[in-house]
Amino acid sequence: MSMDKPVLELVDIHKRFGSAVALAGASLTLRAGEAHALMGANGAGKSTLMNILGGILQRSEGQIRLGGTAIEIASPRDARRHGISFVHQELNMLPSMTVAENVLIDELPTQGGFVSRKRMRERVAAILERLGCRFSPDDTVETLGMGDRQMVEVARALASDPRILIFDEPTSSLSEREKRRLFEVIGRLKAAGTAVVYITHFLDEIFETCERVTVMRNGQTVTSGPLADYRPHDIVTHMLGDVKLEERLRPPRAPEGEPVLEVDRISRQGALDGVSFRLHPGEIVGLWGLLGSGRTEILRALVGLDGLDEGAIRLRKDGRLQPVAPGDLHAEVGFVTEDRRGEGLLLPLPVASNISFANFDKVLGPLGLIDRKRERRFGEAFAERLKIKLHAISQPVRTLSGGNQQKVVFARWLGTAPRLFFLDEPTRGLDVGAKGEILKLTAALAEGGASVLLASSELEEMMSLCDRYLIVQRGRIVGELPGTADKETLMQALSGPGTGA
Amino acid sequence: MRDNQSTSFGQLARRHGFLIVLVAIFAVFTLATDHFATFGNFIAMLHAMAPVVVMSCGMALVVLAGKLDISIGSVAFLSSTFAVLLMNNHGVPPVVAFAVTLAAGAALGALNGFIVVGLGINPLIATLGTMIALRGVALQLTNAVLIPLPESVRSLGNLSIGPIFVDILVAAVVVIAADQLHRRTVFGRQLNAIGNGEEVAAKIGIPVGRRVFVAFVLSGLFASIGGIMSLIQVGSISAYLGRGMEFTAVAVVVVGGISLFGGRGTILPGVVLGALTFEMIANGLNQMSANPYAYRLVTGAIIFVAMYVDAMKSGRIRSRRKKLAVRDEPGRSTGTIAETTSRP
Amino acid sequence: MRVLNKALFAAGCMIAATLPAHAKDFTVGLSWNAMDNQLPVKWQEYLQSEGAKQGAAADVNFKWVINVADADPTRQAANIEDLINQGVDLIIARAEDAAAIGASIRAAKEAGIPFMTFDRESSTTKPTVHVGGDSFDQGKTTAEAFVALLKDRGVTGKCIELQGSLTDVNAMNRSKAWHEVTDNSGVVTTLVSVPTEWNPDLFRSGTVNALRANPDANCMFLASDFALSAVQSALEGADRWAPRGDAKHVWIATQDVFPEAVTAMQGGFIDVGTTYDAYAHAQEAIRVAIELAKGEDANCPDGVCLAKGRLATQENIGTLENLWSRPAN
Amino acid sequence: MLALTAEDRGALLRKAVVVLVPLVVALALLAVMQWQAPNFFRPNNLINILVQTSSLGVMAIGMCIVMIGGGIDLSIPANMAFSAVIGALAMRWGVPVGIAVMLLTGAGIGLFNGVAVAIFGMTPFVVTLATMTVVGGATVWITNSQSISDFPEIFFDIMLARPGGIPVSVIILLVVAVIASMVMSSTVFGRWLYAVGLNPKAARVARVPLERVLLLTYVISGLLAGLAAAMLTARLGSASANLGNDGVVLDIVSACVVGGISIYGGSGRPIGAVLGALFIILIGNSLNQLGVSYFMNLVVKGVAIVAFICLDRITAGRAR
């Protein structure tokens, strides 16, 4: 154990938003010269904790101690004053401006009222030197690759000489080489005595760079200690918690019949790398991977929401597989996005309009106009079938609870009776009851003969439904498991080959 | 999103596109008329475009922040009106009167800034409202009548040092000052950063509201300077002062390579080249005795070209193409499928 | 509804005609296309003062409803419709658009309201009466005097013409008269004609550019001198603003003789001009209005009553009487 | 769970305020008119107001549809003048040809805007600004700034008729308003358009053909500009370049803004645009009759625009 006194301690932090509890006793202890991995499934409370540390949110209870003394962090500026700096996951770049300006934009050095390019260049060149970057402070950011931009983000965080530096999923858009460089940088920072918090979903990375790990689940710290004491598998187990193996909603089935969809080596630079698979009628296929592994990207690329660089998609039409463009495939797919409020629903519009949105052909009146009565009946029929709780079919969908909103999304696609369903985190943010209903609904889809591609972070959910699993890592499908695979095997798959532990 | 290897036409057009157009226009008029490419005419063009350049500088600052100010014509008109009325009806000395104009311009800009930043109203609508209202006030004050300036002030319009008119120098000073402000001060760089992405800028810690507010104040101030210059040149104030200037300035800015999406382009030489483009067309067509209304056609066409280049630069057209281009080639072989790939 | 109105109006007219004469209210709707220079202001002033003066003598009590259309023909049409609906007794309108005003004239006719076009004639529909300046005669007077002057001085004039708005009948008439007189004079040729849309800025830039393209130009014809200051600036910039007798002098023929032009003419900068007699126009308009009010013939041949302008030269400018634009001193 | 959240109460309040305030303002205005200028309430004047509203209203509906999709079309008045002139020239081949040419010209220019905005992704503001410049210049060039009059009588007979005392142009406005309302509320296109304006991402996920929908909005606004051209040409008896005066575009935008159509897209209804147009005309007409100068009218209009948007924003509850 290190004898050093901790640089920073977050002790028993609680955070409530109204009646919702985001943090219920989270603790974190950072030491100088160490990288500390912060792990947790989606919604575990990592970002809330970091936002409290960064001064963006204020805690409800608990203590923050810096070098042993209790402090308040009232604003991002405050955080910086205390020597806390962030490298955000999404790069906050000013693309048309130079690297130097990007790094120092909020504290440009001046001389006689004018920005001193010379001093700016010198300061930034020194930081870039420390980072081992080969681009110049005068380069325009938009001419840099993603990795270099990440370095600019790091440089900006370093500009204020922080004692504590937080990396939030820094490698999600980096190539292998760029990743190596980042790790070297982290190594150098540690050597210089900086305390590093490293948030990631990639297990292999933490074993490479970190000395210590804290795992959070449901707003609490569940375990913390030297990384040497953990195996990858342990961490996954802590992250996902005790997976209660409920009864399967339906027994796994082997693929049967002719494939309805064939995906052939689709790629997009930086996101997907030669993804291929087949989908058979009536089966539920789980895309199993951690957040950021590329499962969402696969689904979105297939329906044409994001572009593709190469690859082919074939759909069964008239008895044989025929090539389709992603945009055209969209017409055959019921797509439930992970961002229900941002992409799934038209929040201010009535429930009825949201349900009828993809089903206008079924609610048209004699003049080719939408028949309000039929639209209402159509909506009500689904509301009843899916047990959507509402007081009027005409109420704005915004006013429904999350679970009922999600049912509206399902209702919309059910109406079109598609052969394919792509479900991306269909139960995100739902309570237990609503989750169960959505899962049953998913099973019913497959029973009805549709093929389902399901992406979810929750293992129990996957295990209660999937007929087989495609293991997704770094935009590739690295393996496949049958529906009978047990929890151990599935967890192992996440920390398996390619994660490099 | 932007891939960095996309040189070729896009960047070429961005770097030199408009210079080529400018040279072409220059060549055409030089060949087609006798007196186009003369020193005297060049000075005349600079003289004529001086007010436009000044007003466009203010517009450019606002546009660089990713906003828009279509009230500049009205601000110019109203703030100049104050000066004229003070001089003509109250015998106020010109220096004081014009100081009032500048103060009024800045104040009206501050009004715009307040509506946009303080009340959080879309700049287009906000300045549309003030554009209409301020023009109304000015017309009410002048009774919409053409009012000549006192002789002593009017004669300033042709004041020159050697062959160079003073207002060319004023415009030069303003444009250089605005350019330095944009390129070399903290304010200017942060404004540019806001234009790159308001949310990003806010996250990094730039005081977005304050900077945008000041940009509107400067826009109003520059509008009033341009108003004074235009006023003195014409020798009288009339309802035509500043009319349509908002659109001219937007056109100048766009043609000068300053992106309406904000954060891209520079005041020098952008604004000057933009203004020169339009002035050359006006002057050249005039000397060719072309139909004066052809000017608007050519102007519009030039704006379109500039905009196309702008859209291309911002990667909109390209990315769209890319998306559309992803079609399957039917002949492709099937290859191996993941069902059979290795297991862990 | 319309029939009823017509009937009521006709009945009203009959009653009015048979009643013994006493000072009766006569509401005039005055529609200005725009108030963009001193001329309409003066017109309005004179119309109101003459209305009071002549009206008192003829037992007609003039009342005025005035609106301005800000140079927009659509708005002017709407404004006149408003006047019709207020049931005015006479509409006097200065048209923005010579063709578009026809619709308003027709509408007034349908409502049984007499319509006087003022200053600018309609090119499409005949109003009850037109009163205005004789702009063709105005151009002609100026052009003839100008040609005579140059002949007398032995100068061959190469002129720049600054036209007005091409939608303004007066502007077109002046240009037509200028060309009719000068084109065959052998003394004066027009090198270039620049349309200004009555925009002072175009007066300036038009002059600058035309001089640039035609350095040998030595004379100008201005369709109006209301924006003289702009022309003066341009000439000063080219170092051509000089009184007669100076080698740099540009010979200038102008129209309207606004206050600045009076001063310039007195200073020797402008050579000839023809007044646009605001006072005479107003006087004539009121005379005709009173005849209409009384239901009598206004004595306008073809329904047109025109007041001619007077020639102004450097010689007589000091002595012209009743010149509205002479600066008070 | 089903109770109204604060946000919804805000939305309700907002709806109420947005409807109530213009109503109160209009009523107050009418009260003043009753007191100060009783002529205002003569049936003829009221019809006159409706006639004036008709062409502005038709153009405002076009703008409203573009704005619901999140765009703006500054070229409507210039397009209208151009269509009027081209159509007027085509009148020599008969009235139906003339009117058809007006509509087609308008729609054609709309198509051009639509392609530039929807396909090439250019900013609507500048695209339509450039179109405005080009088309405006072309109009002046073609006509040499002169008016084209000289139409067959039958044109006026049709367009200026007053069946049942109601002018044809008012009937046209009503028909367009009803159709537009139906299209926006009850057709697939309408639903798509609201979705595109509200949330393009969600619309894309819900399989809305974004580009085509946006393109169509500009074609519609162009078509309606052509229709307004026919109405105005008949009313003025002439077509000329200055039909497309700068002030008109401001009136159109003002009508939409006052009529509760959001500049950010996704909300508002055509009937709002019509009422907004009525409001703008009403202000002009009543201030005119009260003897208030046209210039103060401008001031009132400008302040009204900012005030309405401000009201909308304050009551909107959430920032956009």
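How many of the 27 residues of H10(D) are buried? The count is 23, so the helix is mostly covered, buried here meaning under 20% relative accessible area. Before going further, I should state that the model under discussion is predicted.

Let me stay with this helix for a moment. H10 of chain D runs over residues 210-236. At 1.5 Å a residue, its 27 residues should span 39 Å, and the end C-alpha atoms are indeed 39 Å apart, so expectation and model agree. Just after the helix comes D:Gly237, whose phi is positive, at about 70°.

I turn next to chain B, where the helix numbered H10 covers 208-234. Together with helix H4 (94-118), H10 of chain B contributes to a nonpolar surface patch, each of the two helices supplying at least two residues. The members of the patch are B:Phe114, B:Val117, B:Phe213 and B:Val214, and their accessible area together is about 290 Å². B:Val214 belongs to helix H10 of chain B. With a relative accessibility of 33%, B:Val214 is classed as partly exposed, because that value falls between the 20% and 50% limits.

Chain B also contains a cis peptide bond, between B:Leu268 and B:Pro269, with omega at about 0°. B:Pro269 sits in the loop that links helix H11 (245-255) to helix H12 (270-287).

On chain A, the surface carries a patch of positive charge formed by A:Arg372, A:Lys373, A:Arg374, A:Arg376 and A:Arg377. A:Arg377 is part of helix H13, residues 372-385. Its relative accessible area is 51%, so A:Arg377 counts as exposed, the limit being over 50%.

A:Ile284 offers a contrasting environment in chain A: this residue is buried, with a relative accessible area of 0%. A:Ile284 lies in strand E15, residues 284-288. Its C-alpha atom is 6.9 Å from that of A:Leu454, although 170 residues separate the two along the chain.

Finally, chain C presents two aspartates with positive phi. For C:Asp59 the angle is near 60°, and for C:Asp256 it is near 90°. Where do C:Asp59 and C:Asp256 lie? C:Asp59 is in the loop between helix H2 (38-58) and strand E2 (60-68), whereas C:Asp256 is in strand E9, residues 251-256. As to their accessibility, C:Asp59 is partly exposed at 40% relative accessible area, while C:Asp256 is buried at 4%.

Technical notes:
Residues numbered from 1 in each chain as written. Chains lettered and ligands numbered in written order. Predicted model: local features only at pLDDT ≥ 70, side-chain atom pairs only at ≥ 80, totals over all residues. Heavy atoms only, no water. Patch = residues over 30% accessible without salt bridge, like charges linked within 9 Å, V, L, I, M, F, W, Y side chains within 5 Å. Areas by Shrake-Rupley, 256 points an atom, 1.4 Å probe, with all protein chains shown as cover. Salt bridge = Lys/Arg side-chain N within 4 Å of Asp/Glu carboxyl O. Lys, Arg positive; Asp, Glu negative; His and termini not counted. Charge placed at Lys NZ, Arg CZ, Asp CG, Glu CD. Helix = DSSP H or I, 4+ residues; strand = E, 2+ residues; numbered from the N terminus. Buried < 20%, exposed > 50% of the residue type's maximum accessible area, 1.4 Å probe, protein only. Expected span 1.5 Å × (residues − 1).
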